[in-house]
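The exercises below are to be worked with the sequence and the coordinates at hand. Each task is followed by a solution in steps.

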Amino acid sequence: MKKRHHNLHAGWGCRKAVRCKIFAVLACVAAIATVTVGGTMGWIHTPPQTVKNTFTESAVTCEVREDFDGSVKRNVNVTNTGDTSAYIRVKLVSYRVNEENQKIGGAAEIPAFVPGKDWVFKDGFYYYKFPVDPGEQPATPLIAADGIQLLKYTDMDGGKQVIEVAAEAIQAEGIDGAGNKAVVAAWGVDPETLGSGGRR
């Protein structure tokens with residue numbers, strides 16, 4: 001009988017220990033819940049914090065520089081004429097004109113050329129990969145000294161080729177309200193992450 005009594009007592013002690021552990025865990029959970037609720041209540045009553053938008057496109061300007069003798073376009077580059085460092089991209093637009101320089105129909109593909117070092121072509125634009133300081137240009141021109149020979153057409157549409165150089169600049173510093181770099185917010189791409197330029 002003593003042995004059986006001992007076993008029952010031991011079993012109760014075991015169950016008691018389990019109940020204590022369970023109670024201790026529940027107490028911890030309750031304490032955590034209290035802290036969480038308290039923290040949540042504090043956050044709800046905290047005035048909203050605003051994120052300053054430092055993206056100021058209007059302060060950035062640029063200017064295309066090139067040498068053109070009427071048939072060959074050379075040394076095409078872009079000067080940052082603004083007052084802050086900026087990323088630069090260029091779009092080349094090609095079309096035909098007649099002898100009166102009036103725009104006419106017909107295909108006008110841009111002749112193949114190798115973009116200058118650190119210029120990368122993506123989705124219709126040539127991006128210079130690095131910020132350009134005020135008053136400066138990319139270290140290498142988009143179109144080098146050997147240039148692009150503009151075409152004269154002998155097909156049914158005739159005419160001659162015109163290539164316009166359209167440049168854009170966006171400040172290198174600053175973020176928008178979502179935390180994106182200004183260039184990513186405006187152009188959807190970070191030039192510094194682009195690969196090599198290749199041939200176009």
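## Burial and overall architecture

Of the 200 residues in the protein chain, 28% are buried. The model is a predicted one.

**Exercise 1.** Determine how many helices and strands the protein chain has, and in what pattern they follow one another.

*Solution.*
1. The secondary structure amounts to two helices and eight strands.
2. Along the sequence, the elements follow the pattern α-β-β-β-β-β-β-β-β-α.
3. Among contacts with a separation of 6 or more, 69% are between residues 24 or more positions apart.
4. The chain has an accessible surface of about 12,900 Å², and carbon and sulfur atoms account for 57% of this.

**Exercise 2.** Establish where in the protein chain confidence is lowest and where it is highest.

*Solution.*
1. The mean pLDDT of the protein chain is 77, with 68% of residues at 70 or more.
2. Confidence is lowest in helix α1 (residues 2-44), where the mean is 39, and highest in β6, where it is 98.
3. The pLDDT is below 50 over residues 1-58, a stretch that has 20 contacts in the model beyond near neighbours in sequence.

## Strand β3 and its partners

**Exercise 3.** Identify the strands that pair with β3, and decide whether β3 is enclosed or open to its surroundings.

*Solution.*
1. β3 and β8 run antiparallel and are joined by twelve bridges. Within β8, A169 stands opposite I88.
2. β3 also pairs with β6 in the antiparallel sense, over two bridges. Here R89 has Y127 of β6 as its bridge partner.
3. Strand β4 (residues 103-104) is antiparallel to β3 and joined to it by two bridges. K103 in β4 stands opposite V97.
4. Five residues lie between β3 and β4 in the hairpin that they form, and N101 in the turn has a positive phi of about 60 degrees.
5. Because nine of its twelve residues are buried, β3 is largely enclosed by the rest of the structure.

**Exercise 4.** Describe the surroundings of R89 and classify the residue as buried or exposed.

*Solution.*
1. R89 lies in strand β3 (residues 86-97).
2. Its relative accessibility is 10%; the cut-off for a buried residue is under 20%, so R89 counts as buried.
3. The side chain of R89 makes a polar contact of 2.9 Å with the side chain of Y127. Another polar contact, of 2.8 Å, joins the side chains of R89 and E168.
4. Beyond residues up to four places away in sequence, R89 touches F125, Y126, Y127, A166, A167, E168 and W187.

## The nonpolar cores

**Exercise 5.** State which residues have the most contacts inside the largest nonpolar core, and which strand gives the most to it.

*Solution.*
1. The largest nonpolar core has 19 residues, and V90, L92 and L142 have the most contacts inside it.
2. At least two residues of this core come from each of β2 (72-80), β3, β6 and β8 (160-171).
3. β3 gives the most to this core, namely four residues.
4. Setting aside residues up to four places away in sequence, L92 touches I110, F113, Y126, L142, I143, I163, E164 and V165.
5. A second, separate core has ten residues, including Y87, F125, V183 and W187.
6. As background, nonpolar side chains in soluble globular proteins tend to be buried together.

## A loop residue and an open sheet

**Exercise 6.** Locate G124 and classify its exposure.

*Solution.*
1. G124 is in the loop between β5 (119-122) and β6 (125-128).
2. With a relative accessibility of 22%, G124 counts as partly exposed.
3. Apart from its neighbours within four places in sequence, G124 is in contact with V90 and K91.
4. V93 is 31 residues from G124 in sequence, and their C-alpha atoms are 9.6 Å apart.

**Exercise 7.** Give the strand order of the open sheet of three strands and explain why β1 and β7 stand at its edges.

*Solution.*
1. The order is β1-β2-β7, with antiparallel pairing.
2. β1 (62-68) and β7 (148-149) each have a single partner strand, so one side of each is left without a neighbour in the sheet.
3. The antiparallel pairing of β2 and β7 has two bridges. In this pairing, K73 stands opposite I148 in β7.

Conventions: Residues are numbered from 1 along each chain as its sequence is written. This is a predicted model: local features need pLDDT of at least 70, side-chain atom pairs count only at pLDDT 80 or more; totals for chains, interfaces and linings use all residues. Side-chain values use heavy atoms; hydrogens and water are left out. Buried means under 20% relative accessible area, exposed over 50%, partly exposed in between (1.4 Å probe, protein chains only). Contact means heavy atoms within 4.5 Å. A polar contact is a pair of N or O atoms within 3.5 Å; within protein, one must be able to donate a hydrogen and the other to accept it, and residues adjacent in sequence count only if both atoms are side-chain atoms. A nonpolar core is a set of buried Ala, Val, Leu, Ile, Met, Phe, Trp, Tyr and Cys residues joined through side-chain atoms within 4.5 Å. pLDDT is the predictor's confidence in each residue, from 0 to 100. Two strands pair if DSSP finds at least two bridges between them. Accessible areas come from the Shrake-Rupley method with a 1.4 Å probe; for residues, only the protein chains shown count as cover.
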